[in-house]
Amino acid sequence: MLTLTCPYCGIAAEETELAPGGEAHLKRFGPGSTDEQFEAYLFGRKNPKGVHFERWRHAYGCGKWFMAARDTATLQVFGTYTAQTSHPTPEIVAAVQAARPGWQPDWTDTTADTSAESPKA
């Protein structure tokens, strides 16, 4: 059973208390985008076997959305963090790298942004 800790209320909840929201950190495209950009947003997903970043909602708790870093093959949870961050926290990146020594982040900014004021695309 997958158990995630909500970063807002601090409750460790089983997956039956949570609602999955798909891949985290997607760049959203809407009006004014090209057909290729909108198609990639709607249908393009990484779907890896291994380290994955996902959106979850604490449906039967505080109701807030948050992000989780986990391994899709083993269900190992590396950590959770608030939905307002643009990348996982340095602590979560370190936890992933400790468990998977060859893993490297696939975003261009190597320092995680943890400010709540950071704009979302």
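Student: Which residues of helix H2 are buried?

Tutor: In this predicted model, helix H2 spans residues 90-99, and its buried residues are Ile92, Val93 and Val96. They lie on the same side of H2, because they cover an arc of only 100° around the axis.

Student: Why would residues with that spacing point the same way?

Tutor: An α-helix has 3.6 residues a turn, so residues three or four places apart point the same way.

Student: And which residues are exposed on the other side of H2?

Tutor: Glu91 and Ala98 are exposed there.

Student: What do the buried residues of H2 pack against?

Tutor: They pack against three strands: S4 (51-57), S5 (65-71) and S6 (77-82).

Student: How are the strands of that sheet ordered?

Tutor: The order is S3-S4-S5-S6, an open sheet of four strands with antiparallel pairing. Strand S3 (19-23) and S6 are the edge strands, each pairing on one side only. From one strand to the next, the twist averages 30°. Helix H2 packs on this sheet, where it touches S4, S5 and S6, and its direction makes about 170° with that of S6.

Student: How many bridges join S3 to S4?

Tutor: Three bridges join these two strands, which run antiparallel. One of the partnerships involves Glu23, whose bridge partner in S4 is Glu54.

Student: What about S4 and S5, how many bridges there?

Tutor: S4 and S5 pair over seven bridges, again in the antiparallel sense. Arg57, for instance, has Trp65 in S5 as its bridge partner.

Student: How enclosed is S4?

Tutor: Strand S4 is largely enclosed by the rest of the structure, because five of its seven residues are buried.

Student: Changing topic: which residues make up the largest nonpolar core?

Tutor: That core has 12 residues in all: Ala24, Val51, Phe53, Met67, Ala69, Phe78, Tyr81, Ile92, Val93, Val96, Trp103 and Trp107. The elements giving two or more residues to this core are S4, S5, S6 and H2. The largest share, three residues, comes from H2.

Student: What does Phe78 touch, leaving out its sequence neighbours?

Tutor: Not counting residues up to four places away in sequence, Phe78 touches Val51, Ala69, Arg70, Asp71, Ile92, Ala95, Val96, Ala99 and Arg100.

Student: Which residues belong to the other core?

Tutor: Apart from the largest core lies another of eight residues, including Leu4, Cys6, Leu18 and Ala68.

Student: On to charges. How many salt bridges does a search of the whole structure find?

Tutor: The search finds two salt bridges. In one, the side chains of Arg70 and Glu54 meet at 2.6 Å, N to O. This pair links distant parts of the chain, with Arg70 in strand S5 and Glu54 in strand S4, 16 residues apart.

Student: Are Arg70 and Glu54 buried or exposed?

Tutor: Arg70 is buried, with a relative accessible area of 11%. Glu54 is buried as well, at 9%.

Student: Which side chains meet in the other salt bridge?

Tutor: Those of Arg100 and Asp71, at 2.6 Å, N to O. Arg100 lies in the segment after H2 and Asp71 in strand S5, so the pair ties together parts that are 29 residues apart in sequence.

Student: How accessible are Arg100 and Asp71?

Tutor: Arg100 counts as partly exposed, at 23% relative accessibility, whereas Asp71 is buried, with a relative accessible area of 3%. The cut-off matters for Arg100, because buried means under 20% relative accessible area.

Student: One last residue: where does Ala59 lie?

Tutor: Ala59 lies in the loop between S4 and S5. It is partly exposed, with a relative accessible area of 26%.

Student: And what does Ala59 touch?

Tutor: Leaving aside residues up to four places away in sequence, Ala59 touches Glu17, Leu18 and Ala19. Ala59 and Leu18 are 41 residues apart in sequence, yet 5.0 Å apart in space, C-alpha to C-alpha. Leu18 is also among the residues of the eight-residue core.

Note on methods. Residues are numbered from 1 along each chain as its sequence is written. This is a predicted model: local features need pLDDT of at least 70, side-chain atom pairs count only at pLDDT 80 or more; totals for chains, interfaces and linings use all residues. Side-chain values use heavy atoms; hydrogens and water are left out. Buried means under 20% relative accessible area, exposed over 50%, partly exposed in between (1.4 Å probe, protein chains only). The arc is that of the directions from the helix axis to the C-beta atoms. Contact means heavy atoms within 4.5 Å. Two strands pair if DSSP finds at least two bridges between them. Axes are lines fitted to C-alpha atoms, for helices over the stretch in contact, and angles run from 0 to 180 degrees between N-to-C directions. A nonpolar core is a set of buried Ala, Val, Leu, Ile, Met, Phe, Trp, Tyr and Cys residues joined through side-chain atoms within 4.5 Å. A salt bridge is a side-chain nitrogen of Lys or Arg within 4 Å of a carboxyl oxygen of Asp or Glu.
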